Amino acid sequence: MRNTADRIRHAISFELIGLALVTPLGAWVFDTPMQDIGIVSLLSAIAATLWNYIYNLGFDRVLMRVRGDVRKTVPLRIAHAVLFEAGLLLVLLPLFAWYLGITLLQAFLMDMSFAGFYLVYAFVFNWAYDVIFPIPVNAG
C-alpha cells in the first residue's frame, strides 16, 4: 500500500495538472468566462482532492481485503475511475448549478462533460503515476 505522503503527492499533483488542463478547455468549450470556470474548477478540485484521498484509501483497502494486492488491472482501473467520478458528480452538481446560475440539467450536462474529461484523465494519470512512482515490492 502507499504511505500517506505518497497519497498526498498523488492527490495534489492530480488536481494541479487537472486544473491546468480543464480550466482553459472548459472556458472554451462552454463559452464561459475563464474566471467562472476557474472558480468552479477550483472548488471542484478542493472537493475532489478530499474525495481522492478518502476514495483511494478505501479502494486500496478493499483490494487488499478481497485480493491481497493493490495492483490494478485495466478493468479495475476503469471501475476505479468510473466509481470515483460517480461519487464526485453527486457532490458537484448543485455547486455547478448554483454558482453558474444554470439549471440542474445544464449543470448535469456540464458536469458530465467534466466527468468525461476526468475519466480519461484519471485513467491516464493514475497509470502514469504507478509507472513513475511504483508501489514498493514489500507493500502490503
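Start with the whole chain in view: buried residues account for 40% of its 140 residues. Keep in mind that this is a predicted model.

Now colour by secondary structure. You will find 4 helices and 0 strands, in the order α-α-α-α from the N terminus. Turn the chain along its principal axes, and its C-alpha atoms fill a box of roughly 50 × 25 × 25 Å. The radius of gyration is 16 Å, which agrees with the value near 14 Å for a compact globule of 140 residues. If you display contacts between residues at least 6 apart in sequence, 69% of them join residues at least 24 apart.

Next, show the surface. About 8,100 Å² is accessible, and carbon and sulfur atoms hold 74% of that. Colour the charged side chains too: there are 9 positive and 9 negative ones, with the centres of the two sets 15 Å apart.

Time to go inside. Select Phe14, Phe96, Met110 and Phe114, which touch the most other members of the 27-residue largest nonpolar core. Helices H1 (4–30), H2 (34–67), H3 (74–100) and H4 (104–132) each give two or more residues to this core, and H3 gives the most, with 10.

Stay on Phe96 and show its surroundings. Leaving out residues up to four places away in sequence, Phe96 touches Val40, Ser44, Gly101, Ile102, Ala107, Met110, Asp111 and Phe114.

For a last stop, move to helix H2 and pick Asp60. Is this residue buried or exposed? Asp60 is buried, because its relative accessible area is 5%, and the cut-off is under 20%. Beyond its neighbours within four places in sequence, Asp60 is in contact with Met1, Arg7, Val70 and Lys72.

Terms used: Residues numbered from 1 in each chain as written. Predicted model: local features only at pLDDT ≥ 70, side-chain atom pairs only at ≥ 80, totals over all residues. Heavy atoms only, no water. Core = buried A, V, L, I, M, F, W, Y, C linked by side-chain atoms within 4.5 Å. Buried < 20%, exposed > 50% of the residue type's maximum accessible area, 1.4 Å probe, protein only. Contact = heavy atoms within 4.5 Å. Rg over C-alpha atoms; globule rule 2.2 N^0.38 Å. Areas by Shrake-Rupley, 256 points an atom, 1.4 Å probe, with all protein chains shown as cover. Lys, Arg positive; Asp, Glu negative; His and termini not counted. Charge placed at Lys NZ, Arg CZ, Asp CG, Glu CD.
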